[in-house]
Amino acid sequence: MSAQEVIDQIVGDSCIELFSDYSLQLRAREAATVEPEVPLLYCGVVGFSGEEMRGTLLLGTSREPLGRTSPANDSSLREWIAELSNQLLGRIKNKLLTRGVNLHLSTPIVLRGEHISPVGRAELVPLAFTCDGGLVCVWLDYELKPGIDISKTVTLEDQMIEGSSMLF
């Protein structure tokens, strides 16, 4: 598998797992059909850097997935998309760590608007998912250090599982 295929798999799996943990089942959607009939209203943006890789993750959703996954009725959708973006990149970070790539994450920012669509390089195509009445898209714009092979996994002794905690 190419580095792009590995990263697409990691990002797609991480997104599906994240929303599943909040009881929302996502279905993959063809990239060619991303022009949403349901507008993307909220986007969480998180930057990341490391010796092997750097870039930006953008998680965009319509209102439906946010409302259905928010654990507290009183939390704002703005805060929730920031938290979901952070959790998604954390999951991606954990999976990349098993491939020898260590990332440092920045604080998420939130964009709100109507029909948000990043303008990027021609090859930057979002991974798109649908749920009943909603749309979720993930863009991962990254640069991988030349010569880095992420096709193989490495063994980590102290890796934490998403949702677990460490006391010290």
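**A walk through the predicted fold**

Helix α3 covers residues 77-97, and at 1.5 Å a residue its 21 residues should span 30 Å, which agrees with the 30 Å between its end C-alpha atoms. The model described here is a predicted one. Along α3, the buried residues are Leu 77, Trp 80, Ile 81, Ala 82, Leu 84, Ser 85, Leu 88, Leu 89, Gly 90, Arg 91, Ile 92 and Leu 96. In an α-helix there are 3.6 residues a turn, so residues three or four places apart point the same way. The list for α3 includes Leu 77, Ile 81, Leu 84 and Leu 88.

The helix belongs to a protein with three helices and seven strands. Read along the sequence, these elements follow the pattern α-β-β-β-α-α-β-β-β-β. The protein has 168 residues, of which 39% count as buried. About 9,500 Å² of the protein is exposed, and carbon and sulfur atoms supply 50% of that area. Among contacts with a separation of 6 or more, 74% are accounted for by residues 24 or more positions apart.

The strands can be followed from β7, residues 134-144. Eight of the eleven residues in β7 are buried, so the strand is mostly covered. Strand β3, residues 53-61, pairs with β7 in the antiparallel sense over nine bridges. Within this pairing, Leu 59 has Val 138 of β7 as its bridge partner. Strand β6, residues 127-131, also pairs with β7 in the antiparallel sense, here over five bridges. Cys 131 has Gly 134 of β7 as its bridge partner. The hairpin of β6 and β7 has two residues between the strands, and Gly 133 there takes a positive phi near 80°.

A positive phi also occurs at Ser 23, with a value of about 60°, although this residue is not a glycine. Most residues other than glycine have a negative phi. Ser 23 is placed in the loop between α1 (3-21) and β1 (27-29). Its relative accessibility is 64%, so Ser 23 counts as exposed.

Tyr 22, in that loop too, takes part in the one aromatic pair that the structure holds. Its partner is Trp 80, and the geometry is edge-to-face, with 5.1 Å centre to centre and 90° between the planes. The pair links distant parts of the chain, since Trp 80 lies in helix α3 and the two residues are 58 residues apart. How covered is each partner, Tyr 22 and Trp 80? Tyr 22 has a relative accessible area of 23% and is partly exposed, whereas Trp 80, with 6%, is buried.

Next comes the nonpolar interior. The largest nonpolar core has 36 residues, and Phe 19, Met 53 and Leu 59 touch the most other members. Six elements, α1, β2 (42-49), β3, α3, β6 and β7, each supply at least two residues of this core. Helix α3 gives the most, with nine residues. Apart from residues up to four places away in sequence, Met 53 touches Ile 7, Phe 48, Leu 96, Val 101, Leu 103, Leu 140, Tyr 142, Glu 143 and Leu 144. There is also a second, separate core of nine residues, including Leu 40, Cys 43, Val 45 and Trp 139.

Two residues of β3 remain to be placed. Gly 60 lies in this strand and counts as buried, because its relative accessibility is 0%. Leaving out residues up to four places away in sequence, Gly 60 touches Leu 40, Tyr 42, Cys 43, Leu 135, Val 136, Cys 137 and Trp 139. Of these, Leu 40, Cys 43 and Trp 139 are among the members of the second core. The C-alpha atom of Gly 60 is separated by 7.3 Å from that of Leu 41, which is 19 residues apart from Gly 60 along the chain.

Thr 61 also lies in strand β3, and a relative accessibility of 0% makes Thr 61 buried as well. Beyond its neighbours within four places in sequence, Thr 61 is in contact with Phe 19, Leu 40, Leu 41, Tyr 42, Leu 66, Ile 81, Leu 135 and Val 136. Of these partners, Ile 81 is one of the buried residues of α3, and Phe 19 is one of the residues that touch the most other members of the largest core.

Technical notes:
Residues are numbered from 1 along each chain as its sequence is written. This is a predicted model: local features need pLDDT of at least 70, side-chain atom pairs count only at pLDDT 80 or more; totals for chains, interfaces and linings use all residues. Side-chain values use heavy atoms; hydrogens and water are left out. Helices (H or I, at least four residues) and strands (E, at least two) are DSSP runs, numbered from the N terminus. The expected span of a helix is 1.5 Å times one less than its number of residues. Buried means under 20% relative accessible area, exposed over 50%, partly exposed in between (1.4 Å probe, protein chains only). Two strands pair if DSSP finds at least two bridges between them. A nonpolar core is a set of buried Ala, Val, Leu, Ile, Met, Phe, Trp, Tyr and Cys residues joined through side-chain atoms within 4.5 Å. Contact means heavy atoms within 4.5 Å. Rings of Phe, Tyr and Trp (its six-membered ring) pair if their centres lie within 6.5 Å; planes under 30 degrees apart count as stacked, over 60 as edge-to-face and the rest as tilted. Accessible areas come from the Shrake-Rupley method with a 1.4 Å probe; for residues, only the protein chains shown count as cover.
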